[in-house]
Amino acid sequence: MFEADEELVGRVVRQLRRPVTVDSALDERVMEQIARLPARRGGGTARDVWRWLTRPRTVRLSPLSALAIAAAFVVVALSRPDRFYRPAPASARAFGFVVVAPRAATVSLVGDFNDWDAARTPMQRARRDGSVWTAVIPLTPGRYRYAFLVDGVSWVADPAAPVARDDEFGTPSSVVTVGGS
Amino acid sequence: MTLHWRGLGSGLVVVTLAAATAMAQQVDSRLERLDSITRPIVAALVDSARAAALPTEPLVQRALEGATKRASAERIVAAVRRLALDLGHARNALGPTTSPPELAAAAAALRAGAPPVILTELRRIRRESLTVPLAVLTDLVASGVPVDSAAAAVLSLAAKSRDTDLVEFRRAVERDIALGAPPASATAAAVAAAAVQVNAGARQQRPGRP
């Protein structure tokens, strides 16, 4: 059995060792085939994408669809909730306001920083002394006019702050200036 | 119906421009607090200011202040109109790139009696924001310091002083006035002290308070 295998292997080896005769025109034929292939440049995929993006084409739309798209743009543009909202930037600093109002039931801080809205910044009564009212709000650099509204009817200026001389409504107001440096 | 991309794009541009115009012309909802007589006039003043590239927020705040204080329509309109004029004069004095807070502070300074040339000079000598120097100038005048003295004091300090230095200077003047010093003298003394402090670099950060 081994002798038969050795003979087989010997025949294979002899076959492999036999010189191979190559057609002398093989090289020319291969080069001709290569030359016939279409020339290919780099970035073919990107070119295809660009051609797809820039190739003119037609879109079929009903007038109603076109109007709906336009209306959607308008609605999105007009319904932005932050149109008039100005969030306090990172440069805002906390400012404390204090007023003494012994007989007050409510005190509000109103000014240029809260749209002069008496409901926006109600002041808190200090725990130790019930006559002292305080509020802390963030302010960005700028000049703000403000006042305290006691019991919803009495306007009181801040005795610890400069008086606003540009008050044009006949009630006392104060000024707080916030610097940036 | 067949629309080409170009046609659709043009249509969207037109719609977007129309939306932007509508947004610009839409009345600030906060002005609904004004009565029906005052609201359209104030809205028109705000629109005019916007068209002139002036800040509109101070105008809105002035109108809201009047509404909260239950001022008459005439008074509110007059106040808003006066402020719009002051903002325009302030921008003329400070230049077109002035920030809204600076313009608001400059308008108050002009209303307090500061001449426009002082504002222009402040812009020339100070690189940082003018909001605090202008506010200090206004506050000093409100405290009784003559405009010329207040302007000279702020001009002498504005070039090198930080905002906190200027606020501290104003407090010093007000403290001396409260103790009985004549406003002009109090200002001169505070200028000298502040100049020494600024030159020595002895700056001290204080917690925020008016």
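**Exercise 1. Helix H5 of chain B**

What span should the 13 residues of helix H5 (residues 100-112) of chain B have at 1.5 Å a residue, and how far apart are its end C-alpha atoms? Establish also where this helix sits in the predicted model.

*Solution.* The expected span is taken as 1.5 Å times one less than the number of residues, so the 13 residues of H5(B) should span 18 Å. The end C-alpha atoms of H5(B) are 18 Å apart, which agrees with that expectation.

The next step concerns burial, for which a residue needs 20 or more other C-beta atoms within 10 Å of its own. Because 10 of the 13 residues of H5(B) are buried, the helix is largely enclosed by the rest of the structure. These buried residues are Pro101(B), Glu102(B), Leu103(B), Ala104(B), Ala105(B), Ala106(B), Ala107(B), Ala108(B), Ala109(B) and Leu110(B). They pack against helix H3 (57-68), H4, helix H6 (116-125) and helix H7 (131-142) of chain B, together with strand S6 (142-150) of chain A. Just after H5(B), Gly113(B) takes a positive phi of about 115°.

**Exercise 2. The largest nonpolar core**

Determine which residues of the largest nonpolar core touch the most other members, and explain where this core lies with respect to the domains of chain B.

*Solution.* The core holds 78 residues, of which Val80(B), Ala106(B) and Leu137(B) touch the most other members. Its largest share, 10 residues, is contributed by helix H4 (residues 73-94) of chain B. Since domain 1 (32-97) and domain 2 (99-210) of chain B both give residues to this core, it lies between them.

Ala106(B) can then be followed residue by residue. If its neighbours within four places in sequence are left aside, Ala106(B) is in contact with Ala90(B), Ala93(B), Leu94(B), Leu119(B), Leu130(B) and Leu134(B).

**Exercise 3. The open sheet of chain A**

Work out the order of the 3 strands in the open sheet of chain A that is formed by S2, S5 and S4, and identify which strands stand at its edges.

*Solution.* The order is S2-S5-S4, and the pairing is antiparallel. Strand S2 (93-100) and strand S4 (124-125) of chain A each have a single partner strand and stand at the edges, so one side of each is left without a neighbour in the sheet.

The bridges give the register. S2(A) is joined to strand S5 (residues 132-139) of chain A by 8 bridges, with Val99(A) opposite Trp133(A) and Phe95(A) opposite Ile137(A). On the S4(A) side, 2 bridges make the connection to S5(A), where Arg125(A) has Trp133(A) as its bridge partner.

**Exercise 4. Strand S6 of chain A and its partners**

Decide how far S6(A) is enclosed, and trace its pairing with S3(A), S8(A) and S7(A).

*Solution.* Of the 9 residues of S6(A), 8 are buried, so the strand is largely enclosed by the rest of the structure. Its antiparallel pairing with S3(A) extends over 5 bridges, in which Val110(A) has Ala147(A) as its partner. The pairing of S6(A) with strand S8 (residues 174-178) of chain A is likewise antiparallel and has 5 bridges, with Arg145(A) standing opposite Val175(A).

Antiparallel pairing also joins S6(A) to strand S7 (residues 154-156) of chain A, over 3 bridges, and here Leu149(A) is partnered by Trp155(A). In the hairpin that these two strands form, 3 residues lie between the strands, and Asp151(A) takes a positive phi near 55°.

**Exercise 5. Confidence in the model**

Assess the predictor's confidence in the complex and locate the elements of chain A and chain B in which it is lowest and highest.

*Solution.* For the complex, the predictor gives an ipTM of 0.78 and a pTM of 0.68. Chain B has an average pLDDT of 87, with 81% of its residues scoring at least 70; within chain B, confidence is lowest in strand S1 (residues 2-4), at a mean of 53, and highest in H4(B), at 97.

Chain A has a mean pLDDT of 82, and 84% of its residues reach 70 or more. Among its elements, helix H4 (residues 63-78) of chain A has the lowest confidence, at a mean of 76, whereas strand S3 (residues 107-111) of chain A has the highest, at 97. Over residues 80-85 of chain A pLDDT stays under 50, and for this stretch the model has 3 contacts beyond four places in sequence.

Notes:
Residues numbered from 1 in each chain as written. Chains lettered and ligands numbered in written order. Predicted model: local features only at pLDDT ≥ 70, side-chain atom pairs only at ≥ 80, totals over all residues. Core = buried A, V, L, I, M, F, W, Y, C linked by C-beta atoms within 7 Å. Buried ≥ 20, exposed ≤ 12 C-beta atoms within 10 Å, placed from the backbone. Helix = DSSP H or I, 4+ residues; strand = E, 2+ residues; numbered from the N terminus. Domains from an automatic or database assignment. Contact = placed C-beta atoms within 7 Å. Pairing = 2+ DSSP bridges. pLDDT = per-residue confidence, 0-100.
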